[in-house]
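Visitor: I have a model open and would like to learn how to read it. Where should we begin?

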Amino acid sequence: MNKDKQLRQEVAEEIEKHRNLVKQDPYRLHYHLMPPVGLLNDPNGFIQMNGKYHLYYQWMPFKTGHGAKFWGHYSSKDLVNWKHEEIALTPSEWFEKNGCYSGSAIEHEDHFFVFYTGNVKNEQGERETYQCLAVSKDGIHYEKKGPVVTLPEGFTAHFRDPKVWKQNELFFMVVGAQTKDLKGTVVLLKSNDLFNWDYVGILAGGGKGKLGDFGYMFECPDLFKLNGKDILIFSPQGLEPKGMNYQNVYQAGYVVGQFNPKTGEYDHHLFEELDRGFDFYAPQTTVDNQGRRLLFAWMSVPDQNEQEHPTIEYKWIHNMTLPRELKLIDGKIHQTPVKELENLRDSEMISYSVKLNKESKELDGISGKTIELMLDRIEVVEGWMEISISDAGRIIYSSDQKIFTFERKSYVDGTTEKRQCMLEELKSLRIFIDTSSIEIFINNGRETFTSRFFPNPANQHISFSASKEVSFTVDKWNLGNI
Ligand code: FRU
C-alpha cells in the first residue's frame, strides 16, 4: 500500500476508535467546526467554488498535540451546515513528510489550485521548507505537483503559509517569513502561470518601515482589498505586551495600506489587533460570489497552555471561530457573524426590555449553553454594567473608565484572567456561546472578543448587574439544533 493510502486508513481507524469518547465531552461544540478527533489549527484554502464553500484545516488526527499535519476538509453550501469530507492532503511525500502546513486556494481554469508549505525536518533535525502546489477538479481529490517555490536568499527556513491571489493578470503570493537577522516579515512573489514563481521582495516588516522592530516571525499573511484599501493580515510572534495590547502569547492583526502591483511596494499604517480575546490566531479570508470578504480564524493561540485544555481527555482539541464578514469603517476592520448564522436560531425568541438600578438580575429563559444573545440600545450612563456567564465568564463595561473587559476562569489554575480594550461607548452586544466557546461582537463588530472558556456544564445561569442605572433590550435564541 502506498504511504498516502496507508495514512488515510490509519486516520479512519483513529476516528472510529474515539468517535464515542469525543461525542461524550460536555465541552464538545455544537455549531462550531472542530476536528473529528485530534488537534485542529489554522483555517486553510478557504474558497467558494461552484456555489460551495470549502474550508480546509490544519489537522493532527493522531494526537492532541502538533506534528506532521494533514489538510482536513469541511464543505458547505450555506456556511451553517458543514460536511466533513475526505482528507485533502496527507504528509506522504518527501517534500512534506513533517507536515502539509498552512496555505491557500485559488480558482484557475475551473480547478482548485492549493498552495501549502511542505515542512521537512532532515536527519540533522534541521528544518527545510517547500511551497507546494496541488490541483483538483472537485476540491476533494488532489493531485500533488510538488514544490514550486524554494527558500530565497536572506531568510531562515521559517518561511511558510503561502496565500495566493490574482491581480492585473498576474498571480501574487505572500509568505510568512523570518529574515536571517531574525526579524518577522512578509515576502512577495509573482507568477504568470501559478507554476513558475519569481521572488519580488519584502512586502512588510523585516525590522524596517512603519512596523520597526516587530517580532521574530510573521505567520499566515493574507493580502486583500477591502473598501478600496489593501489590507495585510498576519500573525506576528515575539511582541511584548503593551498596556491592553499584545496580551496573548502571539498576536493576529492587520495593517491598512496601498499595494502597488507594478512595483510590489506596499505603503501601510500601523498594526492593529483583530480580536481582543484570549483565543484568536492565524485568520484567513476569501471573497464569495456575493462579494463578501469572509474570515475564519483558529480559536486558540500556539504555545498558550494548549496542553492544559480540558477537552484533551476526550481526545480532541481546538476549533474554528464562526465565519465572519469583514467591513472597513473609518480605517478599522469590523467583523460581524455572517447573516446565514441566523438560520441557527430556534423559532422561539425570548425578549426583555431591562432597567437595572444598583442591582443584579437573572431573566427567566435567558440562560443556556448553546445560545445567542443580542443586547441593543444599551445605556450605561454612569458606573458599570456586568454580565456573568455561569461560573466561568464575565463581561464588564465601565462607562467611567471607558473600558470593556472580558474575564474568564483560567482552565489552568482556576484564577481569574482578563482581556480588555478601550471603548468610548457601549451600544450593542452580540454574544455567541457554544458550550466552551464565546464570541462577543461589540457595537456591530467594531471590537470582538473571542475565547474558549469552561463553565461548569450544570450551571447555565446568566445574570445582569449594574452599579448604577443601566438599560438595554435583550433577545435570546437557542442555537445549533440543526
Ligand atoms: C500557525 C502555524 C503556521 C503553520 C501551521 C502548522 O498556527 O504555525 O505557521 O503553517 O501552523 O500547523
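Guide: Begin with the ligand. This is a predicted model. In it, 14 residues surround the ligand. The closest are Gln-58, Tyr-101, Ser-102, Glu-219 and Ala-282.

Visitor: Which strands each supply at least two residues of the shell around the ligand?

Guide: Strand 1 (38-49), strand 5 (100-108), strand 9 (155-167), strand 13 (217-226) and strand 18 (281-287) do.

Visitor: How many residues of the shell are nonpolar, polar or charged?

Guide: Five residues of the shell are nonpolar, four are polar and five are charged.

Visitor: Now the annotated domains. What does UniProt place at residues 32-337?

Guide: The unreviewed UniProt entry puts "domain: Glycosyl hydrolase family 32 N-terminal" there. Residues 32-337 are 0% helix and 55% strand. The end C-alpha atoms of that span lie 12 Å apart.

Visitor: And which residues does the C-terminal annotation cover?

Guide: "Domain: Glycosyl hydrolase family 32 C-terminal", again from the unreviewed UniProt entry, covers residues 340-471. That stretch is 0% helix and 56% strand. Its end C-alpha atoms are 29 Å apart.

Visitor: How do I read a sheet?

Guide: Start from the general idea. Strands of a sheet pair through backbone hydrogen bonds, either parallel or antiparallel. Then take a case. One open sheet has four strands in the order 18-19-21-22, with antiparallel pairing.

Visitor: Why is one side of strand 18 and of strand 22 left without a neighbour in the sheet?

Guide: Strand 18 and strand 22 (332-337) stand at the edges. Each has a single partner strand, so one side of each has no neighbour in the sheet. As for the turn, neighbouring strands of this sheet are set at 40° to each other on average, direction ignored.

Visitor: Over how many bridges do strand 18 and strand 19 pair?

Guide: Strand 18 and strand 19 (residues 293-298) pair over five bridges, in the antiparallel sense. Look for Gln-284, which stands opposite Phe-296 in strand 19.

Visitor: What is the order of the open sheet of six strands?

Guide: The order is 23-34-25-30-31-32, and the pairing is antiparallel. Strand 23 (350-357) and strand 32 (447-452) are at the edges with a single partner strand each, so one side of each lacks a neighbour in the sheet. From one strand to the next, the twist averages 15°.

Visitor: Which residue in strand 31 is the bridge partner of Asp-434?

Guide: Ser-437 is that partner. Strand 30 (residues 429-434) and strand 31 (residues 437-442) pair over six bridges, in the antiparallel sense.

Visitor: Last, helix 1. What should I check?

Guide: Check span, then bend. Helix 1 (residues 3-24) has 22 residues. From first C-alpha to last, helix 1 reaches 32 Å, close to the 32 Å expected at 1.5 Å a residue. Helix 1 also has a kink of about 50°, centred on His-18.

Key. Residues are numbered from 1 along each chain as its sequence is written. This is a predicted model: local features need pLDDT of at least 70, side-chain atom pairs count only at pLDDT 80 or more; totals for chains, interfaces and linings use all residues. A residue is near a molecule or strand if its C-beta atom, placed from the backbone, lies within 6 Å of it. Ala, Val, Leu, Ile, Met, Phe, Trp, Tyr, Cys and Pro count as nonpolar, Asp, Glu, Lys and Arg as charged, and the others, Gly among them, as polar. UniProt positions are given in the numbering used here, feature names are shortened, and annotations may be inferred rather than shown by experiment. The expected span of a helix is 1.5 Å times one less than its number of residues. The bend at a residue is the angle between axes fitted to the seven residues ending there and the seven starting there. Two strands pair if DSSP finds at least two bridges between them. Axes are lines fitted to C-alpha atoms, for helices over the stretch in contact, and angles run from 0 to 180 degrees between N-to-C directions.
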